[in-house]
Amino acid sequence: MDENELTKTELWTKRIQDFHESGLSRKEWCQKHQIPQSTFSYWIRKQTKGQPKPEQPEEPVFAKLPSEQEVASDLSANDVPVTIYLPGSIRIEIGVGCPAELMASLIHTLNAYA
């Protein structure tokens, strides 16, 4: 790898890290930094190419969500949290009492993660 390529790799490593820390979606981040999404996606693929893929469950996992009536009357089954599993051994548990603002922020963050 020549010196110029090393500089590009370091630059894109920093940019990708900045994106992950920003909380923005790919589209928002690319627009803000005036970088084509295709270029950004290329560098993400290039940098993750050599990394081992996280283990994923072979079959989908389903969770029972409480109905609106159960939440409203607080009759949810033992207040069992909703669990979301993401690649890289990330697990998010959301309890029945989760504030709507926190849930909206979580959904926004997950959209940026994808």
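These notes go through a predicted model of one protein chain, from its overall make-up to a few single residues.

1. Overall make-up. The protein chain holds five helices and two strands. Following the sequence, their order is α-α-α-α-β-β-α, with the two strands side by side in that pattern, after four helices and before one more.

2. Burial and surface. The protein chain has 114 residues, of which 14% are buried. About 9300 Å² of the protein chain is exposed, and 54% of that area comes from carbon and sulfur atoms.

3. Contacts along the sequence. Take the contacts in the protein chain between residues at least 6 apart in sequence: 37% of them join residues at least 24 apart.

4. The core. Which residues form the largest nonpolar core? There are nine: W12, I16, F19, W29, C30, I35, F40, W43 and I44. Helices α1 (3-22), α2 and α3 are the elements that give two or more residues to this core.

5. W29. This residue belongs to the largest nonpolar core. Setting aside neighbours within four places in sequence, W29 is in contact with R15, D18, F19, S22, L24, I35 and F40. Of these partners, F19, I35 and F40 are also listed in the core.

6. Helix α3, its length. Helix α3 covers residues 37-48. With 12 residues, α3 reaches 16 Å from its first C-alpha to its last, close to the 16 Å expected at 1.5 Å a residue.

7. Helix α3, its two sides. Which residues of α3 are buried? They are F40, S41, W43 and I44. These residues lie on the same side of α3, because the arc they cover around the axis is only 160°. S38 and R45, on the other side of α3, are exposed. Three of the buried residues, F40, W43 and I44, are members of the largest nonpolar core.

8. S41. Is S41 in helix α3 buried or exposed? Its relative accessibility is 18%, and buried means under 20%, so S41 counts as buried. The side chain of S41 makes a polar contact of 3.4 Å with the side chain of R26. Residue 26 is where α2 (26-33) begins.

9. Q34. This residue sits in the loop between α2 and α3. Q34 has a relative accessible area of 74%, which is over the 50% cut-off, so Q34 is exposed. Most residues other than glycine have a negative phi. Phi of Q34, however, is near 55°, a positive value.

Technical notes
Residues are numbered from 1 along each chain as its sequence is written. This is a predicted model: local features need pLDDT of at least 70, side-chain atom pairs count only at pLDDT 80 or more; totals for chains, interfaces and linings use all residues. Side-chain values use heavy atoms; hydrogens and water are left out. Buried means under 20% relative accessible area, exposed over 50%, partly exposed in between (1.4 Å probe, protein chains only). A polar contact is a pair of N or O atoms within 3.5 Å; within protein, one must be able to donate a hydrogen and the other to accept it, and residues adjacent in sequence count only if both atoms are side-chain atoms. Contact means heavy atoms within 4.5 Å. Accessible areas come from the Shrake-Rupley method with a 1.4 Å probe; for residues, only the protein chains shown count as cover. A nonpolar core is a set of buried Ala, Val, Leu, Ile, Met, Phe, Trp, Tyr and Cys residues joined through side-chain atoms within 4.5 Å. The expected span of a helix is 1.5 Å times one less than its number of residues. The arc is that of the directions from the helix axis to the C-beta atoms.
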